[in-house]
Protein chains: 2
Amino acid sequence: MSDYSTPVRRPTIVDVARVAGVSTAVVSYTLNGRRGVSAATRERVLRAADQLGWRPATAARSLRSGPAAAALVVVHDQPFGTRAAFPLDLVTGALQTIGPDTLTLAVHVAGSTAEAAQLMDRWWTERRYAAFVVTGIRADDERLAALRSLPAPAVVVGTAPDGAPATWQHVVLDDDDAFEQVGDFLAELGHRRVAMVAGSERLVSPARRAAALEVALARRGIGLRTVAGDGPGRAAAALRPLLAAGDRPTAVVTDDDATAGLVLDVARRLGLGVPWDLSVVAGTDSPACYLTTPSLTAVPYPVEELGRATGRALRAALGAGPDWRGTGSGPGGEQHPRAVEPPSGTVAVGRLVVRGSTAPPPGG
Amino acid sequence: MSDYSTPVRRPTIVDVARVAGVSTAVVSYTLNGRRGVSAATRERVLRAADQLGWRPATAARSLRSGPAAAALVVVHDQPFGTRAAFPLDLVTGALQTIGPDTLTLAVHVAGSTAEAAQLMDRWWTERRYAAFVVTGIRADDERLAALRSLPAPAVVVGTAPDGAPATWQHVVLDDDDAFEQVGDFLAELGHRRVAMVAGSERLVSPARRAAALEVALARRGIGLRTVAGDGPGRAAAALRPLLAAGDRPTAVVTDDDATAGLVLDVARRLGLGVPWDLSVVAGTDSPACYLTTPSLTAVPYPVEELGRATGRALRAALGAGPDWRGTGSGPGGEQHPRAVEPPSGTVAVGRLVVRGSTAPPPGG
DNA sequence: TTGAAAGCGGTACCAT
DNA sequence: ATGGTACCGCTTTCAA
């Protein structure tokens, strides 16, 4: 016990049962909203529990019923970029679709995919979490291998892993639609020379996005030049020669908002006016995008919506197992019959947000 | 249980005991590194546990010994700013001083201090966590009140709460030193008119920092104008008239990096050259500070170091209680005698990082 | 040094 | 509809 100074012994169902004048079984039934308890008894138990300030001990419940918690394991190794808030926003959204009575979602931080994999393996073996959520999947991500071998229910956010076990769900943004929109938009403005500053090469998702843009532009007969954008240093180094060249692109698309800001900066230093000499599109919208000069045309990035979908996927992933019970809630908690969840899927991104950084090409 | 498809029954100490040919008590003793087990037996048990891939079930252990986990409860309601990564960096640092065998640190997200308070109350009552870590304390923060009434061991990061219970620890940055440095630096450059764009008024810490700067400047006979900086919109609105006025400040200090970027932007729009017409100092250094044009002179922000101190404080907070045991580890885990922890304290910020955004005042 | 057994706080089966 | 009670897996007396 973690009792201090005054060892406040917190009430147990035995106390509740005594106060209500019933057995512990009835208390358990009542508090878990199962039928077979008379209204009068139910009332007394609920009142007793409420009066005593009773809450179920997590450990005791987990011991029999398994953990009612899932973990989002974040690989935190790139301090740069405003996307750092991503996990927090994602969880905010997820909490909107999973009631705290059903499941709690904790965030854990690892310094590498290997460390993350090891942690998940450990926590799964310790029966600490019933499922895991992973994002920002890299090429050869050790987390996926670990999850596969456990095997634990999982939600993969941002990528659709191939050959996923039945207990996995995935939630992705509709990048195809998003970059189709970007391609169409730039083509219609008259741009013929377009470049993309790709995001981190280690990440899987940016590659998909770049491919989507390439396809969309190809349909219009426009080619796409891609330059490395992994980290601000490399991006800047690649950007300078690109924009200084005579056949420089008239439009640059980035994978994320931070890199788009960098493009603005490099353009300014080279004396290129945005949007007159160069159009810039950020592949990821964020508050930073409307604070720049000029403000950035950007692909919406509905992280909270992604989070809500993640919450649903999590329930589905757990619901897929025959044994998991997320029932049971506090005093007065109702029993919500868990509906059959639709499989996880694709989250729409909405319409491209056109701001001040895009215009027809010079002389266009 | 959260078993799926193949209900893999994970091994328990009973299995380990059987394989090793001893009782469960001996297994428990061995795995917790207690003395009184013969070397030979110990060896057999360890081998058996290792061979079976045994790990202690969190729930079972917690049921008797109390939770071996703490939670950082983040209030996530301001999407703006690169400080969003703060909790993640903090945890990264904290994990360096708390071994995963001793304690795990989970991050949880709440939309408001009230919600955070409610969650902590709930989790404390459910015996889910043994301690809580809170940051970004606001005026009249409900989390503090909740923690006080529980009463739970806590680590307060960023502020030293007054009248804190004995089971609380706090970790703060040495803001006095930091802004003393800023004040001296600006004074020596020759600045006489200095303004500070304060951070969110709801937060406690920015107010302290502004006060520290004011004191440092006052010592040099220089006054400080403070303008509201809560959110980019307000900051921009306050900044424009300030910088357009005839008696405009020759140096502006901000609380955070994002606002400093905003100052750069407003100055550019007003045709003020930085640093020739205006010096800018960011109160919080970040990678974004050396990507701007010009790069920003900034106060170091050693978040990971803050995290390490937080980890130590957490151990101290838990060690203060007579009953908490963080012992017990995996197979082969050694028993580390827990040293008496020093009380929590102040983390040094280091030397002001001088970059391109500061210079003597015009005509100075 | 080792073993038997009583909890920890719920859940759920089996009687009544 | 309700009560008695055997678990869940581990820790920790208490004896031997």
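## A tour from the DNA to the protein interior

Select N32(B) and DNA strand D to begin: an N or O atom in the side chain of N32(B) lies 3.4 Å from a phosphate oxygen of the strand, which falls within the limit for a polar contact (a pair of N or O atoms within 3.5 Å; within protein, one must be able to donate a hydrogen and the other to accept it, and residues adjacent in sequence count only if both atoms are side-chain atoms). The model is predicted, so local features need pLDDT of at least 70 and side-chain atom pairs count only at pLDDT 80 or more, whereas totals for chains, interfaces and linings use all residues. Residues are numbered from 1 along each chain as its sequence is written, chains are lettered from A and ligands numbered from 1 in the order in which they are written, and side-chain values use heavy atoms, with hydrogens and water left out.

**DNA strand D**

Keep strand D displayed and add R34(B), where a side-chain N or O atom is 2.8 Å from a phosphate oxygen of the strand, and then A57(B), where a polar backbone atom is 3.3 Å from a phosphate oxygen of DNA strand D. Widening the selection gives 29 residues around DNA strand D, the closest being S23(A), T41(A), R64(A), I13(B) and Y29(B); a residue counts as near a molecule or strand if one of its heavy atoms lies within 4 Å of it. Of the atoms of DNA strand D that come within 4 Å of the protein, 62% belong to sugar and phosphate. Helix 2 and helix 4 of chain A, together with helix 2 and helix 4 of chain B, each supply at least two residues of the surface near DNA strand D, and helix 4 of chain B gives the most, with five residues. Helices here are DSSP runs (H or I, at least four residues), as are strands (E, at least two), and both are numbered from the N terminus.

**DNA strand C**

Switch to DNA strand C, which has 28 residues around it, with Y29(A), R34(A), R61(A), T41(B) and R64(B) coming nearest. Of its atoms within 4 Å of the protein, 60% belong to sugar or phosphate and the rest to bases. For a base, select R64(A), whose side chain places an N or O atom 3.2 Å from a base oxygen of DNA strand C. For the phosphates, select S38(B), where a backbone N or O atom lies 3.1 Å from a phosphate oxygen of DNA strand C, and A57(A), where a polar backbone atom is 3.4 Å from one. Helix 4 of chain A gives the most to the surface near DNA strand C, with five residues.

**Residues 11–65 of chain A**

Now select residues 11–65 of chain A, for which an unreviewed UniProt entry lists "domain: HTH lacI-type"; such positions are given in the numbering used here, feature names are shortened, and annotations may be inferred rather than shown by experiment. Over this range the chain is 69% helix and 0% strand, and the end C-alpha atoms are 20 Å apart.

**Salt bridges**

Side chains of opposite charge can pair when their charged atoms come close. The structure holds 46 salt bridges over all chains, each being a side-chain nitrogen of Lys or Arg within 4 Å of a carboxyl oxygen of Asp or Glu.

Select R55(A), D101(A), R122(B), E126(B) and R128(B), which are linked in a network of salt bridges. Within that network, E126(B) and R122(B) meet at 3.2 Å, N to O, and both residues are buried, where buried means under 20% relative accessible area, exposed over 50%, and partly exposed in between (1.4 Å probe, protein chains only).

Move next to D77(A) and R138(A), a salt bridge whose closest N and O atoms are 2.6 Å apart. The two are 61 residues apart, D77(A) in the loop between strand 1 (69–75) and helix 5 (86–97), R138(A) in the loop between strand 3 (131–135) and helix 7 (142–149) of chain A. D77(A) is partly exposed at 32%, whereas R138(A) is buried at 9%.

**Two interior stops**

Select helix 12 of chain A (residues 303–319): its 17 residues should span 24 Å at 1.5 Å a residue, and the end C-alpha atoms are 24 Å apart, which agrees; the expected span is 1.5 Å times one less than the number of residues. Its buried residues include V303(A), L306(A) and L314(A).

Finish at T358(B), in the segment after strand 11 (346–347) of chain B, which is buried with a relative accessible area of 11%. Its side chain makes a polar contact of 2.7 Å with that of T297(B). Beyond neighbours within four places in sequence, its contacts (heavy atoms within 4.5 Å) include F185(B), L189(B) and P275(B).
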